[in-house]
Amino acid sequence: MELKTIELTKKFGRKTAVNHLNVTLTNGVYGLLGANGAGKTTFMRLLCNIQTPTSGKIVLNGKNIVGLGEKYRSLLGYLPQQFGYYPDFTALDFLLYVSALKGLSEKSAKKKSKELLEAVGLSAESGHKIKTFSGGMKQRLGIAQAMLNNPHILILDEPTAGLDPKERVRFRNLISVFAKNRIVILSTHIVSDVEFIAEEIIMMKSGQIVHFGKPQEITSEIDGQVWECTVLAAYAEEYAASFNTSNLRNTDRGETILRIISDRPPMENAVRVQPNLEDLYLFYFKGDTEE
Amino acid sequence: MKKLIQYELRKIFSKRLTQAALIALLLLSVLLVFSTYQNMYASDGKGCEGTGRTAVEVDKAIAEKYEGLLTDEKVQQMMTEFKPKQDLHGMNAVYLYQNALQSALFRSFSDLNGDWNGLSVSDVFGNEKIKIGYTYGLLKTSQNMVRIFVVLSLVIAIMTAPVFSGEYGGVDNIILTSKYGKTKCWAAKVIGSILAALIVTAVVSAINLVCAFILYGSSGLDCSILFAPVDFATGYIPFNITCGTLLKYQILLAFTSTISITGVTLVLSAICKNQIAALVASAAIYFFPIMLPVTEASSLFKIITLLPLYHTQFVSLMSVGQISGNVLYALMAVPVALIFMGIGVFISRRVFANHQVS
C-alpha cells in the first residue's frame, strides 16, 4: 500500500498550513514531529479527507482518495486531536455506534468493541457513561474507536496526550503489535513515544517536511553538535538561557549537567555526546510556537 | 442502516433540552385540554346550568334535541326556546351566551334584542346543507391545537437543530472519516429526524384528539362548522365542511408544518457551526411571516399562507379557497412541505458531506 501526497497545499486565508508537501508513505509507523502550528494536524486532516486541499492531491495506490470515497474511508482509522463523544453514551455504546458507522456487522462490532476495551484497559468501565471518564480514559476510548475496523491506514493525532506513563507504555505496545503491514501515522509532542515505536520520523516546520528518515539516520544530522557541560548549580539557569539546552540534571555535588545543542563547544569542559531525537527536535524547533 | 437510524433517534431523544421541551409540550396540552373543559359554561334556560362536565352535558342534551339538518322550522323552535328572558340593558343579543347552540343560532338568526332577524336558512347559508349537533367541544379542541402545534413546531426545531450542528463539536472528525459517515450516516440523520418529528406530532395529535373524544364525544364530527358559537364567527373558515373534515385538515397541516420545519432546520443544522444558532435561525424563519405586511386581500397572501407558520395556524390557510367540495386550497401545503423537505435533504447532504472540520 502506498499513500502519496503530491504538491499538497492547504491555505487558511493568508496562512499556509501545508506547503507543497510531497511525501510517500508505505507500510510502517511514522512519527510526525513539529512545533505547534507546524501543520501536523492539518496534514493529518487532509490525509483523512476531512479538509479539502487548496491545491495538490493525495493518492492511494495511484488513485485520488477523493474519488475512492467509501473505499478509502473503510481503510481509515482516525483519532483526532480533540476527540468528540456523546456524554450520555457508555463506552461500549459509543464503540458500537462507531462500529455501525464503519460498517461492521452487529456480531463483529460487539466482539471487536470488547476486545479493544480490554486492550486499552477500559473493560471494567465499558458500561459507564463517557461523561464520567477522566481525560486519559476518553483518550483511550478514542484510540479504541480508531482501531475498530482494523484500519490499514491509522492516523493518530497526539494519541498519548493525557495518558500516564503506564498507559503510554500500553499504547506503544498496542501500536507496535497492530502496525504490521499497515500505515500508522502518529503525531505527538512526547518525542520519546515516537522514538520507541516509529520506524520513520517526519519533521514538519511551517507546513513543510524538513526531515524524513529513520530515527538513527536523522539524528546523525546533528552529530557532533550535542554537548554535556558541568556547571555550578547556582549558574545553571543563566547558562541554560544562553544556549539551546535540551536537558538539565542536578548532581549531588551541587553541580548541574547541561545538555546543550551547539555547533561549537559551548564552554571549555564541554563533552561531546551522542544526539537523540529530543535534541534534534530542539535543534529545529527551539522558540517555535507558531499557534 | 436500521441500527444507524436507531442511534440517531436515541441521540435526538436523549438530549436534555429535547426532553424538557417535550415535557413542556405535554404539560401545555394537558393544561389547555383541562382548562378549556373546566371553563365551559352552559345553561338550558330552565334552571340547569354549570361549568365543565355539567356544561358539556347541557350542551349535548340541547344539541340532541335539534340534531340533523338545519331547517327554518328548527330555527323558529330554537328562537322560541332561547329567547332572552331578562333585560339585555342594550347589549347585542348575539353576544349573549347561554349555551353553544343558542350562541350559534343568535350569531346568524337574531337581531339586537334576541328576536328572529327574518333571515331563512337559505338566506344565511345559501344552498348548503347545514348539519347541526354538538360541535363546540371539538371546535375548542381545534382552537387549542393551534397553540399546541405552534409550540410543537418549535419543539421540532429544538429536536432537529443539533442533528448535524451538534456533531461539529468534535464527533464530526470521527463520523466523516468512517466508511458510512458521508453517506448512510447522513441518510440516517435525515430519516431519524423525520421519524422523530412525525412520531412526536402523531403522539401530540393523538393525545389531543383522544382527550377531545373522551371529554366531548365524537357525535359532532359530521356536523357543519358553519353553525358554530360566536367565538368562531369573525375570520373563521367560511366553507361548509364538517368538524371531522376540519380536524383531518388540521392534523394534516400539523404534519406538513412538521415536515417543513424539519426540512428547514436540517439545512440550518448542517450549515450552522452550533446548534443554538441553528435553532434561533430556524425559529426566526418560522415566525418571519408574522412580520410581513401582507393582508388577506393581497395576491401574495395565497403564497404566504403556504409557509409553515400558517400550516399550524391553519385557519387563514383553510380560508383561502375551496378547490371543489371538501377539497380546500390548504391541500397545497402538502407539496410545499415536500419541497421544504426536499430542500432540506438536498442541501444538508451537500453541506455535511463537504463539511470541513475545524
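Visitor: How far apart are the mean positions of the positive and negative charges of chain B?

Guide: They are 22 Å apart, taken over 27 positive and 20 negative charges. Lys and Arg count as positive, Asp and Glu as negative, with His and the chain ends not counted. Each charge is placed at NZ of Lys, CZ of Arg, CG of Asp or CD of Glu. Keep in mind that this is a predicted model, where local features need pLDDT of at least 70, side-chain atom pairs count only at pLDDT 80 or more, and totals for chains, interfaces and linings use all residues. Residues are numbered from 1 along each chain as its sequence is written, chains are lettered from A and ligands numbered from 1 in the order in which they are written, and side-chain values use heavy atoms, leaving out hydrogens and water.

Visitor: OK, what are the dimensions of chain B, and how many helices and strands are there?

Guide: The C-alpha trace of chain B spans about 80 × 40 × 35 Å along its principal axes. Chain B has 16 helices and six strands; these are DSSP runs numbered from the N terminus, helices being H or I with at least four residues and strands E with at least two.

Visitor: How much of chain B is buried?

Guide: 54% of its 358 residues, where buried means under 20% relative accessible area, exposed over 50% and partly exposed in between (1.4 Å probe, protein chains only). The accessible surface of chain B is about 15200 Å², with 64% of that belonging to carbon and sulfur atoms. Those areas come from the Shrake-Rupley method with a 1.4 Å probe, and for residues only the protein chains shown count as cover.

Visitor: Which residues make the nonpolar surface patch in chain B?

Guide: B:Met1, B:Ile191, B:Leu195, B:Ile199 and B:Val203, over about 370 Å². Patch members need over 30% relative accessible area and no salt bridge; nonpolar side chains (Val, Leu, Ile, Met, Phe, Trp, Tyr) are joined within 5 Å, like charges within 9 Å. B:Ile191 sits in helix H10, residues 184–216, and is partly exposed at 34% relative accessibility.

Visitor: Switching to B:Asn144, what does that residue touch?

Guide: Apart from neighbours within four places in sequence, B:Asn144 is in contact with B:Leu32, B:Val33 and B:Thr36, contact meaning heavy atoms within 4.5 Å. B:Asn144 belongs to helix H7, residues 136–160 of chain B, and counts as buried because its relative accessibility is 6%.

Visitor: And salt bridges, how many over all chains?

Guide: 21, counting a side-chain nitrogen of Lys or Arg within 4 Å of a carboxyl oxygen of Asp or Glu.

Visitor: What does A:Lys131 pair with?

Guide: With A:Asp88, the closest N and O atoms being 2.8 Å apart. A:Lys131 is in the loop between helices H5 and H6 of chain A and A:Asp88 in the loop between strand E6 and helix H4, so the pair ties together parts 43 residues apart in sequence. A:Lys131 is partly exposed at 42%, and A:Asp88 is partly exposed at 25%.

Visitor: What about A:Arg140, buried or exposed?

Guide: Buried, and so is A:Glu167. Their side chains form a salt bridge at 3.1 Å, N to O.

Visitor: Back to chain B: where do B:Glu8 and B:Lys11 lie?

Guide: Both are in helix H1 (residues 2–13), three residues apart, about one turn of the helix. They form a salt bridge with closest N and O atoms 3.1 Å apart. B:Glu8 is buried at 3% relative accessibility, and B:Lys11 is buried at 6%. A network of salt bridges links B:Glu8, B:Lys11, B:Glu167 and B:Lys189.
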